[in-house]
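Q: Could you take me through one part of this model in detail? I would like a close look at a single helix, and then a sense of the chain around it.

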Amino acid sequence: MTISTIDPSEVAKFEAMAAEWWDPQGKFKPLHEMNPCRLDYITSQIAAEFERDLRSPLPFAGLRILDIGCGGGLLSEPMARLGATVVGADAAPRNIPVAEIHAAQMGLTIDYRHTTAEALAEAGEQFDVVLNMEVVEHVADPLAYLTACQHLLKPGGLMLCSTLNRNAKSFAMAIVGAEYVMRWLPKGTHDWKKFITPDELYDLIRRAGLDPVDRKGMVFNPLGWSWSLSARDLSVNYVTASVKR
């Protein structure tokens, strides 16, 4: 029997926004703006771990990558363009046709599935890389979810996991600023109590059976209206890399 860590109320939020995934001025505008920064971290970590040259035509050829919580495919598509075999999985069923249609329009072959990390793990699926971006703060049981992600990795596999820190600054920026002042996101998109500090996430990752190897902040500069990676500032958005030994 598969135990699900899915929180139905969280899935419903994103399902209601499904059709807007590829509108850079829509409800996912912040994600579109953050995406180059996320991709910079993701591609550099995968290239370093698997000794790939990002200047080559298809640097991720031969790698099987899972994008869990794939949404409309904002990360799945770049991974496919870099040569990886990509499975995009999401618990919100309406996200999948949105992602499939956009991939077809782009001429990309991506295996999109309405499923969960737990179901994939129970089916014995294995991946070189698991992209686990902005999902862990939406699940009902973070440890059980991260343990399922660990089971999905081959030995030597890499998990990249991003989330939001839990402090006064993240409440001010991710809740008050993003949802109420700027209205980038619908009110109630995030539950601040579910945010996870970097040390808490490292502890959860270790308890799930993975070795954390890196973490960086993703910092928004309102003056330049840009995102950048920071080794020091993990106060709001941050991303981690961990390895299955």
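A: Happy to: here is a walk along helix H4, followed by a look at one strand residue and at the chain as a whole.

A word on the source before we begin: this is a predicted model. Helix H4 runs over residues 95-105. Which of its residues are buried? They are Asn95, Ile96, Ala99, His102 and Ala103. If you look down the axis of H4, these buried residues fall within an arc of 135 degrees, so they line one face of the helix. The other side of H4 has Ile101, Ala104 and Gln105, which are exposed. It may help to colour the two groups separately as you turn the view.

What covers the buried residues of H4? The cover includes two helices, H1 (8-16) and H3 (76-81), together with two strands, S2 (85-90) and S3 (111-114). Just after H4 comes glycine 107, whose phi is positive, at about 75 degrees.

For a second example, let us move to a strand. Leucine 153 sits in strand S5, which spans residues 153-164. With a relative accessible area of 0%, leucine 153 counts as buried, because the cut-off for that label is under 20%. Leaving aside residues up to four places away in sequence, leucine 153 touches a run of residues from Gln126 through Phe127, Asp128 and Val129 to Val130. Leucine 153 also touches Leu158, Met159, Leu210 and Lys244. Lysine 244 lies 91 residues from leucine 153 in sequence, yet the C-alpha atoms of the two are 6.9 Å apart in space.

That pairing leads us to the whole chain. Of the contacts between residues at least 6 apart in sequence, 69% join residues at least 24 apart. The chain holds eight helices and eight strands, and 54% of its 245 residues count as buried. For 245 residues, a compact globule would have a radius of gyration near 18 Å, and the value of 17 Å for this chain agrees with that. Along the principal axes, the C-alpha atoms fill a box of roughly 45 × 45 × 40 Å.

Finally, the outside. The chain exposes about 10800 Å², and carbon and sulfur atoms supply 56% of that area. As for charge, there are 24 positive and 30 negative side chains, with the centres of the two sets 4 Å apart.

Terms used:
Residues are numbered from 1 along each chain as its sequence is written. This is a predicted model: local features need pLDDT of at least 70, side-chain atom pairs count only at pLDDT 80 or more; totals for chains, interfaces and linings use all residues. Side-chain values use heavy atoms; hydrogens and water are left out. Helices (H or I, at least four residues) and strands (E, at least two) are DSSP runs, numbered from the N terminus. The radius of gyration is taken over C-alpha atoms; the globule rule is 2.2 Å times the number of residues to the power 0.38. Buried means under 20% relative accessible area, exposed over 50%, partly exposed in between (1.4 Å probe, protein chains only). Contact means heavy atoms within 4.5 Å. Accessible areas come from the Shrake-Rupley method with a 1.4 Å probe; for residues, only the protein chains shown count as cover. Lys and Arg count as positive and Asp and Glu as negative; His and the chain ends are not counted. The place of a charge is taken as NZ of Lys, CZ of Arg, CG of Asp or CD of Glu. The arc is that of the directions from the helix axis to the C-beta atoms.
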